[in-house]
Amino acid sequence: MASLLLGSAGLLAAAAYLHRHNSAAATTTTTHLHFYMHDAYTGPHPTAMRVVSGRSLLTSPASSDETTPSSSPPRKFGDIVVLNNALTEGPDAGSTRVGTAQGFAVRVSELGVVSDLSMHMVLEAGEHRGSSVTVKGRIDMDAGKRESVVIGGTGQFRFARGYMVSRDYDYSLATGGVVEIDIYLQH
């Protein structure tokens with residue numbers, strides 16, 4: 001009798017899971033977000049800042065002068081950079097602000113400028129106001145297009161999955177600039 005009750009409970013649990021899973025699949029929405037991220041390393045109000053300085057692989061430790069900013073390459077292996085960048089509708093700094101990109105990047109490659117990026121894009125305007133999307137990925141600055149995975153979201157994007165494509169719009173490794181971002185979501 002106990003095994004019959006246990007088996008019945010297991011079947012009920014499986015049926016509830018399948019019903020919930022099939023209901024979620026039937027209501028999946030696809031959303032495309034497009035905006036520009038303004039990343040400034042210099043100027044009176046930088047929005048991206050190196051908080052841990054790695055080591056340059058281009059110079060020997062004896063010849064490196066870490067006290068002089070101009071002698072330091074713009075990116076070094078082991079650097080950790082934090083971000084608090086504006087997201088706008090268009091590429092101009094005066095364009096309508098739609099949100100903020102907050103996160104960090106760790107320089108992970110000894111060759112080239114490659115980072116492990118973890119970033120939250122908090123939407124502050126429009127129909128998705130109050131929602132956010134979180135991405136994680138390998139960013140290779142030498143690539144024309146960079147793809148990262150959407151690992152989740154909040155608000156309207158709860159349980160989101162998808163990918164982000166980013167590309168330089170007008171960007172310099174030394175000072176920052178503008179990055180164009182497209183996000184394709186299923187939620």
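Visitor: Is R97 buried, partly exposed or exposed, and what is its relative accessibility?
Guide: Happy to start there, with the note that this is a predicted model. Buried would need under 20% relative accessible area and exposed over 50%. R97 falls in between, so it counts as partly exposed, with a relative accessibility of 42%.

Visitor: Which side chain meets R97 in a salt bridge?
Guide: Side chains of opposite charge can pair when their charged atoms come close. For R97 the N to O distance is 3.3 Å. The partner is itself partly exposed, at 31% relative accessibility. The side chain that R97 meets is that of E124.

Visitor: How many residues apart are R97 and E124?
Guide: Let's place both ends of this salt bridge. R97 sits in strand β4, while E124 belongs to the loop between β5 and β6. The pair links distant parts of the chain, and the separation is 27 residues.

Visitor: Which residue forms a salt bridge with D116?
Guide: The closest N and O atoms of this pair are 3.0 Å apart. D116 lies in strand β5 and its partner in strand β6, so the salt bridge ties together parts that are 20 residues apart in sequence. D116 counts as partly exposed at 30% relative accessibility, and the partner is also partly exposed, at 30%. That partner is K136.

Visitor: How many salt bridges does the structure hold?
Guide: Another one to look at joins the side chains of D140 and R138, at 4.0 Å from N to O. R138 has a relative accessible area of 55%, so it is exposed. For the whole structure, the number of salt bridges is six.

Visitor: What pattern of helix and strands does the chain follow along the sequence?
Guide: The chain has one helix and nine strands. Reading along the sequence, the helix comes before the strands. Written out, the pattern is α-β-β-β-β-β-β-β-β-β.

Visitor: Why is strand β9 described as largely enclosed, and how many of its 11 residues are buried?
Guide: This strand covers residues 176–186. It has antiparallel pairings with β1 (residues 30–40), through 11 bridges, and with β8 (residues 161–172), through 11 bridges as well. Strand β9 is largely enclosed by the rest of the structure because the number of its residues that are buried is nine.

Visitor: Which residue in β9 stands opposite T30?
Guide: T30 takes part in the pairing of β1 with β9. The two strands run antiparallel and share 11 bridges. The residue opposite T30 is Q186.

Visitor: What is the bridge partner of S166 in β9?
Guide: S166 lies in strand β8, which a hairpin of three residues joins to β9. At 5% relative accessibility S166 counts as buried, and its contacts include I139, G144, V179 and E180. Its bridge partner in β9 is I181.

Visitor: How many bridges join β3 to β4?
Guide: Strand β3 (residues 80–88) pairs antiparallel with β1 through three bridges, and H38 has A86 as its partner there. β3 also pairs antiparallel with β2 (residues 48–52) through four bridges, with V52 opposite I80. Its antiparallel pairing with β4 (residues 97–107) sets L83 opposite G103. The number of bridges joining β3 to β4 is nine.

Visitor: Which residues touch the most other members of the largest nonpolar core?
Guide: This core has 29 residues. The elements that give two or more residues to it are β1, β3, β4, β5, β6, β8 and β9. F35, for instance, has contacts that include L87, V98, M121, V179 and I183. The residues touching the most other members are F35, M119, M121 and I183.

Visitor: What share of the chain's contacts with a separation of 6 or more comes from residues 24 or more positions apart?
Guide: A view of the whole chain helps here. Of its 187 residues, 36% are buried. The chain exposes about 10,900 Å², with carbon and sulfur atoms supplying 59% of it. As for contacts with a separation of 6 or more, the share from residues 24 or more positions apart is 51%.

Methods
Residues numbered from 1 in each chain as written. Predicted model: local features only at pLDDT ≥ 70, side-chain atom pairs only at ≥ 80, totals over all residues. Heavy atoms only, no water. Buried < 20%, exposed > 50% of the residue type's maximum accessible area, 1.4 Å probe, protein only. Pairing = 2+ DSSP bridges. Core = buried A, V, L, I, M, F, W, Y, C linked by side-chain atoms within 4.5 Å. Contact = heavy atoms within 4.5 Å. Areas by Shrake-Rupley, 256 points an atom, 1.4 Å probe, with all protein chains shown as cover. Lists of a residue's contacts leave out its neighbours within four places in sequence.
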